[in-house]
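Biologist: Could you take me through one part of this model slowly? I'd like a close look at the metal site, and then a sense of what surrounds it in the rest of the chain.

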Amino acid sequence: MSAPTSGRGCLTCGTPLRHTFVDLGMSPLCESYVSAEQLNQMERFYPLHTWVCEKCFLVQLEEFVSPEEIFTEYAYFSSYADSWVEHMRRYADAITDRLSLGKESFVVEVASNDGYLLQHFVKKGIPVLGIEPAANVAKVAVEKGVPTLVKFFGARTAEELARERRRADLICGANVLAQVPDPNDFVRGLKILLHPRGVVTIEFPHVMKLMAENQFDTIYHEHFSYFSFLSAETLFARSGLTLFDVEELPTHGGSLRVYARHAEDDSRPISERARALRQREVDAGLLRLETYAGFDEQVKETKRKLLEFLIGARRAGKRVVGYGAPGKGNTLLNYCGIRTDFVDFTVDRSPYKQGKFLPGTHIPILAPDRLREARPDYVLILPWNFKDEIIQQMADVRSWGGKFVVPIPAVRVLD
Ligand SMILES: [Zn+2]
């Protein structure tokens, strides 16, 4: 069989894509929760095939769905995850000190969601502006007192803002870089909007961690690209921005927060941390295609293991219920073909999701109390990155002998 070739060039450098990273088959959009009325209707599935670019080593989806289709009615309200809100509160405090932000400063967040981050700057009296394409989510932010522009961010939006207002001392974005269809245009926008002495911080899931910890379920249609420090550095440099510092964060299974400045701004030297991580990535082989080649088989083996566990549990007459309805859960369940034949239902704290069904698999999403009534033998934790928090919240599961199961990095029953 000859190796498949993508019909497209690399998202950021245009080189033809010839090397598969992982092929997860056909999957629906992971945030397109299904209502009861839609259950009997046709559902759209799209290929979930990722490639690695042989030139810039960006891991990326081949074909993406238009951002308008995905993000205009986005269901993810950041504020429903306590540890995420706390993570961003700590960030707001630290960056305010580090950059000496005050009432004269201007902070912009790209993909500001429901204002979960900017609210902390607002409390400090620091002028802010959120930019958020999903109108329903932006509305929640505005109600909280966080001024928010309903727009996609890119060079054009940045030019408008730079003309109308002032340039930003801090531009931040968490989990947005992976989701932009044109990363070059996005970074050009950062360059345009940034004050000559300003700083950009961008957080994204670290592809080195994704590979090391088998986090293939963080691949979904909403994430077009999967960056390393090296591939991000190449991208930012193309628009005249230099990555001068980096933090490794535990969020989303392992993320990077990169700090960028204008290439011309030599007031901020490149940190030892940035140099060290860069070298670690080189040593880990992230500039060699062979490093990426074995991932596909590792993912297939994880599917076999999870099905093995579920088949065994159901044969033994055990009841399995899910916890959470995150995007990553939908990738996992669709790829593995797990429906209500294995998992009776799942529960989620977000009222937006309760009463709906998971896309593709049509597993019902109920309120967490329903899990307590059902007293299942196993609780499959889909947002495994919040597992400690979930186990704490649902500690009573253990009172009836229930056990928690995490699917990633490997299928494990927790004692
Ligand atoms: Zn490339």
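Modeller: Sure, and keep in mind that this is a predicted model. Let me begin with the fold as a whole. Among contacts in the chain with a separation of 6 or more, 70% are between residues 24 or more positions apart. Of the 415 residues, 58% count as buried. The C-alpha trace spans about 65 × 55 × 40 Å along its principal axes. In secondary structure, the chain comes to 14 helices and 17 strands. Its radius of gyration is 21 Å, close to the 22 Å from the globule rule for 415 residues, so the chain is as compact as a globular protein of that length.

Now the metal site. The zinc ion is coordinated by four SG atoms, those of Cys 10, Cys 13, Cys 53 and Cys 56, at 2.3 Å. As for the geometry, the four donor atoms subtend angles of 101 to 120° around the zinc ion, which makes the arrangement tetrahedral. For reference, the ideal angle for four tetrahedral donors is 109.5 degrees.

Along the sequence, the donor residues follow the spacing C-x2-C-x39-C-x2-C. Cys 13 and Cys 56 link distant parts of the chain, being 43 residues apart. Cys 13 sits in the segment before strand E1 (19-27), while Cys 56 is in the loop between strand E2 (46-52) and strand E3 (59-61). Their surroundings are worth a look too: Cys 13 is partly exposed, at a relative accessible area of 24%, whereas Cys 56 is buried, at 11%. The cut-off for buried is under 20% relative accessible area, so Cys 13 falls outside that class.

Elsewhere in the chain there's an open sheet of seven strands with mixed pairing, in the order E6-E5-E4-E7-E8-E11-E10. Strands E6 (148-149) and E10 (241-249) stand at its edges with a single partner strand each, so one side of each has no neighbour in the sheet. E10 runs antiparallel to strand E11 (residues 255-262), and eight bridges join the two. Within that pairing, Glu 247 stands opposite Arg 257 in E11.

Finally, there's a helix to go with that sheet. Helix H6 (residues 183-193) lies across strands E4 (107-110), E7 (168-174) and E8 (194-205), as well as E10 and E11. The angle between H6 and E8 is about 150°.

Technical notes: Residues are numbered from 1 along each chain as its sequence is written. This is a predicted model: local features need pLDDT of at least 70, side-chain atom pairs count only at pLDDT 80 or more; totals for chains, interfaces and linings use all residues. Side-chain values use heavy atoms; hydrogens and water are left out. Two strands pair if DSSP finds at least two bridges between them. Helices (H or I, at least four residues) and strands (E, at least two) are DSSP runs, numbered from the N terminus. Contact means heavy atoms within 4.5 Å. Axes are lines fitted to C-alpha atoms, for helices over the stretch in contact, and angles run from 0 to 180 degrees between N-to-C directions. Donors are N, O and S atoms within 2.8 Å of the metal (3.2 Å for Na, K and Ca); water is not among the atoms, so sites may look incomplete. Four donors count as tetrahedral if all angles lie between 85 and 135 degrees; four count as square planar and six as octahedral if opposite donors are over 155 degrees apart and all others between 65 and 115; anything else is irregular. Buried means under 20% relative accessible area, exposed over 50%, partly exposed in between (1.4 Å probe, protein chains only). The radius of gyration is taken over C-alpha atoms; the globule rule is 2.2 Å times the number of residues to the power 0.38.
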